[in-house]
Amino acid sequence: MAYRKVCDAQGGPLVGEGPHCSGGLDWDLDKEELQEPGPSMDRMQMQHIDCQRSACSDPGPDPDPELMEPIQPSVSVSPHGRFERLQEDPNYISHFTRAPAHKGQRRLHCFLLRYFLAAVGLFVLGLLIGWFTHTQSVKRPVPQFDSSDLLEELLKRITAEKIDALQKSFSSLPDNSEEASARYLYRQWVGLGLTDVHLSNHTVLLSLPGSTPNTITDRSSHQCFLPNGNPCDQRGPNDLPRQQFSYAAYSAVGSLQGEVVDVQYGSVDDLRRAKDSLNLTNRIAVVKLGQAPLLYKLSLLSELGFGGALLYVDPCDAPPGRHTWNQAFRVTLNPGGNPAIAGLSREAGESLTSLLVQPISAFLAKKLLSSSSAGQGDSCIPLVMPANSERKKITLTVGSQLSYKKIYNVVGYLKGRRNPDRYVLVGSRHDSDQRGGASAIMNQLIAALTEQTKQGWVPDRTTVFCSWGGSALGNIGSYEWGKDNSVVLQSSAVAYVSLNSPVRGTETLRAAASPTLLQLTSDIQRRQLLSCIRGGNCPGPTVSSLQLPGDVSFFANQLAVPTVEFAFEQTKGEENTGFLSEAQFSVESPETLDPLFKFHETIAKMTAEAILRLVNDPVLPFYPLDIALDVQNKLKDKSVVSPSMLSSAASLRDHAAFFQSETMRPANDPKERDPSHVRMLNDVLRDLEKSFIIPQTPPGVYRNLLYSLPGKTPRFSVLRFSQEAALHCNVSSKAVKHNTNDKEVLCHSTMNQSLSLILRAIRSAERLVCFGLDLFENYQREAK
């Protein structure tokens, strides 16, 4: 008895059934049928072998159905298929002999052939996938952008009308709280196309005005004055918010009775004259802002035993057109960050200083000093107490309060392609004092850059957009975020572009940058001034490396990250006006300062060009030679500088010039550019400023030696205060109870110690440049 598998009800073979035949057949037979002996079993085996061969070889052309004899079998049905039982037929001839011993070998050959065919199929499939992928990559090449065309397209997207619309949207918020502003910016940035945006908050200790205004009472006349000079009994309902704005954040609180002492700008010479004439214990100093950092002045006053300080801006120092005669202002005594981390406690009623500090108007200062000075501008006579006048005795009352509040930071990322772990930070602030001008420029920059990415452009490095909270009270947001991410930033931060207060006047276009970025900043400013918004009546480029106020402080001062900032101001950068920005006056709205938003547009375009160069240039636009020249320029006073220091500065200049010409210039050539070479080069350029960080400085002075203080001649700020420190130690006779670290800096940082710090910084920078030269020389030798 023989069986043949019926593969299709219509008589045709099923596609793909061949390989299953070699695996054996499924049988569903009655016991009687299985027990049939004899030739029928031989026929069954022969038919099975025939099925195996027909499955694993080419079946050939289909036979003609008309030439085939019909088979009319009796059918037995199995669960796995239909089988036809063949009746015994004398004409049925077998072409095979039964060979049970070779049955396993035939099955093995068929298995191997099946695996071979499967492997060939996979190989062909892989070739097809690879060909398809390659075809797709050829069809969609990565777009290439010329730098000049890219800059032109980027600047075209920045217009005054767009910034005006963004400003109106920001100023129309019903809630002007910091949280509402931060959440608005978060939604805006996501909507503008940033895919990675974070909104974070920090609970910090803030110093806020009390429920009643601070007052100054003349004890002789018993007349009470508000900080702006108005009598306390003439206070109107609209004056309360304005008076609450006039205070010194983190000042000591309470009441103090004492005589007022005119100390002018609070310099060591001014304090020496006051010390020679009277006892300064628990006196109240009347101090002008300017010439030196406020925190430095207050540290000197505290050392000499003063109990309080009244701060004002002399009308002769005020910017032209700025009417500050009857205006008080706000200052912060917080050097940076959350004061609670420094040990300040609300419960203990502590403060950052032992002094009661209160800002007042120039009008009130004139009354307290009994001064006859008046006027403003070229004919202005500075305020000064007459030599023979009687000193007024006053009662100073300060009632500010400490409170724990949340501040909010918004941080968004535009990821780079080749170097995503290198960050260019762009920072602004969203507190209510700025009225949205900086935020509108920031939103315009984000919109313009993300629009370029939609056209296929991807920056080389990652751009990190930051909007800080708590800036007015000590740059708290930027400090807290910076400290949380300091480990990453020390190795990844490339530069910081500041939008701290971009339009604070309309008279002077000023740029400030670290020496590393002076050349880039000058080029940008000069190019933008060619199309000046005032019809060609524009000042020439003014670029300096002066110490910058605002959130840039942490990145320049703690991390030595190269920084740049463009801003319109209302004043000229003279010696006495350098620190007037510490006085926070009530800010005019951007619509009032710049109704057409042309000044905002100019700052936005200059900032956009700086960002584009920093994120897109293969070699960072840093110039080591500018650092060396700046160092030499600050060592011109040869009376205090040793020959060895001058020699080290000259050596640094020579090595920096060679490094800039022989290493940086070839790396800018696309034919010679190698990614690993460029990355090593950029790391050397990034770390060069870190050599100039010193351990400690007087209060309010940058630790980064490359930033200088305003003055007639450039010099290292640490040298200036070292000279004053020795003089101050001779003047001071009060036992120190506060700020012992500052006392140590002031009295024990002699000129020789300061010069030693500078010499060490110069040699450290020179070693880094030489290391770069040796590294790239060995690299080029190995490449050959």
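Here is a short tour of this predicted model, stop by stop, with what to select at each one.

**Start with everything on screen**

Show the whole protein as a cartoon and you'll be looking at 24 helices and 20 strands. Color by burial next: of the 784 residues, 50% are buried. Switch on the surface, and about 37500 Å² is exposed, with carbon and sulfur atoms supplying 52% of that. Now think about how the chain folds back on itself: among contacts between residues at least 6 apart in sequence, 83% join residues at least 24 apart.

**Into the largest core**

Select Trp189, Phe465, Val631, Phe659 and Phe692. In the largest nonpolar core, which has 95 residues, these five touch the most other members. Add helix 24, residues 751-783, to the selection: with 11 residues, helix 24 gives the most to this core. In soluble globular proteins, nonpolar side chains tend to be buried together.

Which residues does Val631 touch, not counting those up to four places away in sequence? Center on Val631 and pick out Ala649, Phe692, Leu706, Phe716 and Ile762.

Another core, of 35 residues, lies apart from the largest one; Leu278, Leu294, Leu298 and Leu355 are among its members.

**A stop at Ser544**

Jump to strand 19, residues 543-544, where you'll find Ser544. Is Ser544 buried or exposed? Its relative accessibility is 18%, and buried means under 20%, so Ser544 counts as buried. Leave aside neighbours within four places in sequence, and Ser544 is in contact with Ala511, Ala512, Ala513 and Leu518.

**The two disulfides**

Show the cysteines as sticks. The structure holds two disulfides.

Pick Cys224 and Cys232 to see one of them, with an S to S distance of 2.0 Å. The torsion about this S-S bond is about -60 degrees, so the disulfide is left-handed. Cys224 is partly exposed at 21% relative accessibility, while Cys232 is buried at 17%.

Then go to Cys316 and Cys380, whose sulfur atoms are 1.8 Å apart. Cys316 sits in the loop between strand 10 (308-312) and strand 11 (331-332), and Cys380 in the loop between helix 11 (362-369) and strand 13 (393-398), so the pair ties together parts that are 64 residues apart in sequence. This disulfide is left-handed too, because its S-S torsion is about -85 degrees. Cys316 is partly exposed, at 23%; Cys380 is buried, at 13%.

**Last picks**

Finish with two more cysteines. Cys466 is buried, with a relative accessible area of 0%, whereas Cys770 is partly exposed, at 22%.

Notes: Residues are numbered from 1 along each chain as its sequence is written. This is a predicted model: local features need pLDDT of at least 70, side-chain atom pairs count only at pLDDT 80 or more; totals for chains, interfaces and linings use all residues. Side-chain values use heavy atoms; hydrogens and water are left out. Helices (H or I, at least four residues) and strands (E, at least two) are DSSP runs, numbered from the N terminus. Buried means under 20% relative accessible area, exposed over 50%, partly exposed in between (1.4 Å probe, protein chains only). Contact means heavy atoms within 4.5 Å. Accessible areas come from the Shrake-Rupley method with a 1.4 Å probe; for residues, only the protein chains shown count as cover. A nonpolar core is a set of buried Ala, Val, Leu, Ile, Met, Phe, Trp, Tyr and Cys residues joined through side-chain atoms within 4.5 Å. A disulfide is a pair of cysteine sulfur atoms within 2.5 Å.
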